[in-house]
Amino acid sequence: MASLRAAARLRPIATRLSQSSVQPQRFYASAAAAVKSSPSTGGEQPFFPDEPAGPVIKTAIPGPESKKAVAELDKVFDTRSLNMLADYQKSFGNYIADPDGNVLLDVYAQIASIPVGYSNPTLHKAALSEQMASALINRPALGNFPSNDWASILKTGILKVAPKGLDQVFTAMAGSDANETAYKAAFMWRRQHERGGAHVEFSEEDIVSSMLNQAPGAPQLSILSFKTAFHGRLFGSLSTTRSKPIHKLDIPAFDWPQATFPLLKYPLEENTEENKRVEAEALADVERLIETHHLPPCAVVVEPIQSEGGDNHASPAFFQGLRTLTKKHNVLFIVDEVQTGVGATGKFWAHEHWNLDSPPDMVTFSKKAQTAGYYFGNPELRPNKPYRQFNTWMGDPARAILFRAIIEEIERLDLVSHTARVGDYLYNGIAELAKKYPGEFNNLRGKGQGTFIAFDSPRRDEFLKKAKSVGVNIGGSGANAVRLRPMLIFQKHHTDILLEAMEKIVKS
């Protein structure tokens, strides 16, 4: 592992990015101004040579400047969930800076939402384009007044990386919105089939009862999700969220079913038969609910890895079985890739690990895409009439342009394959720490899943707090999990810094 002390020395700051990036001279974290040189990167070529070479801690976090700024912010904005205050103009690559000159290696990345680093030059260039300027200052109501280049923006960006078999997209604002609109599409699809097809007109009873929030116009149907799942905080998405009570308390919810998600035992290779049994029982629970729940499910929604609920994994065989059940019962299969999508698992879409015989019916996305929506392939998932799936914005062309630039950067640096390789290196490093410090890195999971790695800590909250003191911003999930969500530009020399920091935490 690289020395953490050496890693704390940053490169000289009087640098500027390539003129081709159309980015003005930028100075990185002020703490770097006094240092002389960078540590060795073990022969690895850095993606961004001007990135800070390691963390710098100048004050406690939060420091005096951050405390003052937070106090000012709290007068006008709720700061009770604040993790740390950032100075994004001084943040670069894998490093996040704060107003006190602290520079942290960020392996939380805005809750898994930063794909290719802070202040990325390629994204900066896209932000300065005329097409972006027009999208920002002339933001269209996309359903009514899309720009003449909207099809091109979609085809060269969002649809360029569409999951196999899904060639259409409904764009949205955020992950919750993406799931919510996918649920609406599922309900409309189901009722169209029950009426006899999209060509069949609504009955007078449909029309009148819908305005009373009663069946048949407001049908007694449901979306089936899983225990410990997280799908968002809007009303429909919140009804399928089961991760923490704090998300749901005091909010009216739909009476929708939740199936058991298989909670695997680790190490996987030592619990093969037990885990097969657990997954079989979970699939049986899904089928029971599809067949018997008093509000018939028209779709099953699942995360490839339950993220907010504690980084819970299941095998490809489980998801293959889930796909078989949904087809057997003519129920739609929605895969929520809001957190797992865009390369973090070593595949562009996490469900590619499953090798399904047929694609999901819908795949929702957001976070690292910096935009949102759901992919689909079946034309019947388009509602039979306009304005049924509609809102003013229906997404944001500016964010779609940004996603296109993210895709270009992913392709330029081959970041999906890179993340798979670095993920193996990171997983093996944590496995070694787990052997060295028994009981500190429990239930290590995410092998072969890129950098989408987690473990359980006996003192999780203390672990997260101490991480900042050794120069790392890291996050948790569920009750005990420490989840790693580094950016796609996270490299082996960053891994060495992280591993040494984690060892320092458990030794302190």
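Trainee: What makes β7 and β8 a pair, and in which sense do they run?

Mentor: Strand β7 (residues 332-336) joins β8 over 3 bridges, in the parallel sense. Pairing needs at least two bridges found by DSSP, so β7 and β8 qualify. Strands (E, at least two residues) and helices (H or I, at least four) are DSSP runs, numbered from the N terminus. The model is predicted: local features need pLDDT of at least 70 and side-chain atom pairs 80 or more, while totals for chains, interfaces and linings use all residues. Residues count from 1 along each chain as its sequence is written, and side-chain values use heavy atoms, without hydrogens or water.

Trainee: Which residue of β8 stands opposite Val-335?

Mentor: Val-363 does. β8 has another partner: 4 bridges join β8 to strand β9 (residues 372-376), and these two run antiparallel. There, Thr-364 has Tyr-374 as its bridge partner.

Trainee: Which way do the side chains of β8 point, and are they buried or exposed?

Mentor: Met-362 and Thr-364 point one way, Val-363 and Phe-365 the other. All are buried, that is, under 20% relative accessible area (1.4 Å probe, protein chains only); exposed is over 50%, and partly exposed lies in between.

Trainee: Why is the pair of Phe-254 and Trp-256 called stacked?

Mentor: Rings of Phe, Tyr and Trp (its six-membered ring) pair with centres within 6.5 Å; planes under 30 degrees apart are stacked, over 60 edge-to-face, the rest tilted. Here the centres lie 4.8 Å apart and the planes make 15°, so the pair is stacked.

Trainee: How do you know whether Phe-254 is buried or exposed?

Mentor: Phe-254 has a relative accessible area of 46%, so it is partly exposed. Trp-256 has 9%, so it counts as buried.

Trainee: How many aromatic pairs are there, and what kind is Phe-48 with Phe-92?

Mentor: The structure holds 21. Phe-48 and Phe-92 are 6.1 Å apart, centre to centre, with 75° between the planes. That is over 60 degrees, so the pair is edge-to-face.

Trainee: What does this pair tie together?

Mentor: Phe-48 lies in the loop between α1 (4-7) and α2 (64-74), and Phe-92 in the loop between α2 and β1, so the pair ties together parts 44 residues apart in sequence. Both residues are buried.

Trainee: How do you know that a charge sits over the ring of Phe-452?

Mentor: NZ of Lys or CZ of Arg must be within 6 Å of the ring centre and within 35 degrees of the ring normal. Arg-485 lies over the face of Phe-452, 3.6 Å from the ring centre. Lys-492 lies over the face of Tyr-425, at 5.2 Å.
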